[in-house]
Amino acid sequence: MAAPRSPTRARERERSHAPAAGSDQVHSWTLATSQALDTVWRMAKGFVMLAVSFLMAAVCYFRRLHLYSGHKLKWWIGYLQRKFKRNLSVEAEVDLLSYCAREWKGETPRTKLMRKAYEELFWRHHIKCVRQVKRDNYDALRSVLFQIFSQGISFPSWMKEKDIVKLPEKLLFSQGCNWIQQYSFGPEKYTGSNVFGKLRKCVELLKTQWTEFNGIRDYHKRGSMCNTLFSDAILEYKLYEALKFIMLYQVTEVYEQMKTKKIDMFILGYSLEVKIKVFRLFKFNSRDFEVCYPEEPLRDWPEISLLTENDRHYHIPVF
């Protein structure tokens, strides 16, 4: 028969097991806490990485969107500027010597000659500014007509005496000029039976516009109207076709009087009854530097001034 346990020894055994149980409990809580923290960290890390990835994707998207929007905006701005900007064929006045310095740089003989010619215009002829004129086959007509309209110069006397709208038929039926049926309108080489109708509309437009400008006494208002007219290419070219036809008409009238090598300028001046003074800069220091068409006007005609660097393109000097 077993001897009963001593109470003292039982209490000692319980005390020896108590710290071990507490240590196990602390270890369990530590392990659980560590696992929880590890899980939370992994979740937080995953969330942060996801957020960073999303943010980078968003930045890339908005960057591409910004580049695309900027490209489209630039295109639309250019389109609207081209559509609504006044495309003036006669530009605003610029300082003569500044224009010369910009256009004629370098030290070649021709460059030096042109700079001296511009200085001559500035100091001796008192030309302070220049209006650049669009370079095409009509720039001489454009330069002259712009000044006629902006200065309010009146009709030539012969235009007051004749109905210029009826001149196309007169050339054909009264003077037998069959070539009028082959008249070409710029790039349009053949018009056919409609040539008389188109010419009449062009000449009538010239007559209407000239009458309107001549009736305006306010110089600034004429200038504003010129800017409007000379930014409308369709109206412009109709006016130039009318001038071309009037010059051809005058050829048939005054052919015997054409004794100059610049026949086109002579005809233009004679047709519009203006004296066209041309400063030919490439002829500086020669007798042909300053020439007039016609050389001796039949009457006291208004004077128009042009300047050219090559006898092909013309600009408008401003005194």
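## Leu272 and the cores

Leaving out neighbours up to four places away in sequence, Leu272 is in contact with six residues named here: Val144, Ile148, Pro156, Met159, Trp210 and Leu243. This picture comes from a predicted model.

Leu272 also belongs to the largest nonpolar core, which has 54 residues. Leu272 is among the residues with the most contacts inside that core, along with Ile148, Phe149, Leu206 and Phe230. Which helix gives the most to this core? Helix α7, residues 195-214, does, with nine residues. There is also a second, separate core of 16 residues. Cys100, Phe122, Ile127 and Val130 are included in this second core.

## Lys277 in strand β3

Lys277 sits in strand β3, which covers residues 275-280. Is Lys277 buried or exposed? Its relative accessible area is 17%. The cut-off for buried is under 20%, so Lys277 counts as buried.

Which residues does Lys277 touch, not counting those up to four places away in sequence? They are Glu290, Val291, Cys292, Glu303, Ile304, Ser305 and Leu306. Tyr293 is 16 residues from Lys277 in sequence. In space, the C-alpha atoms of Lys277 and Tyr293 are 6.5 Å apart.

## Phe47 and a surface patch

Phe47 lies in helix α1, which runs over residues 7-84. Phe47 has a relative accessible area of 60%. Exposed means over 50%, so Phe47 is exposed.

Phe47 helps make a nonpolar surface patch of about 420 Å². Val48, Val52 and Met56 make up the patch together with Phe47.

Technical notes: Residues are numbered from 1 along each chain as its sequence is written. This is a predicted model: local features need pLDDT of at least 70, side-chain atom pairs count only at pLDDT 80 or more; totals for chains, interfaces and linings use all residues. Side-chain values use heavy atoms; hydrogens and water are left out. Helices (H or I, at least four residues) and strands (E, at least two) are DSSP runs, numbered from the N terminus. Buried means under 20% relative accessible area, exposed over 50%, partly exposed in between (1.4 Å probe, protein chains only). Contact means heavy atoms within 4.5 Å. Patches are made of residues with over 30% relative accessible area and no salt bridge: like charges are joined within 9 Å, nonpolar side chains (Val, Leu, Ile, Met, Phe, Trp, Tyr) within 5 Å. Accessible areas come from the Shrake-Rupley method with a 1.4 Å probe; for residues, only the protein chains shown count as cover. A salt bridge is a side-chain nitrogen of Lys or Arg within 4 Å of a carboxyl oxygen of Asp or Glu. A nonpolar core is a set of buried Ala, Val, Leu, Ile, Met, Phe, Trp, Tyr and Cys residues joined through side-chain atoms within 4.5 Å.
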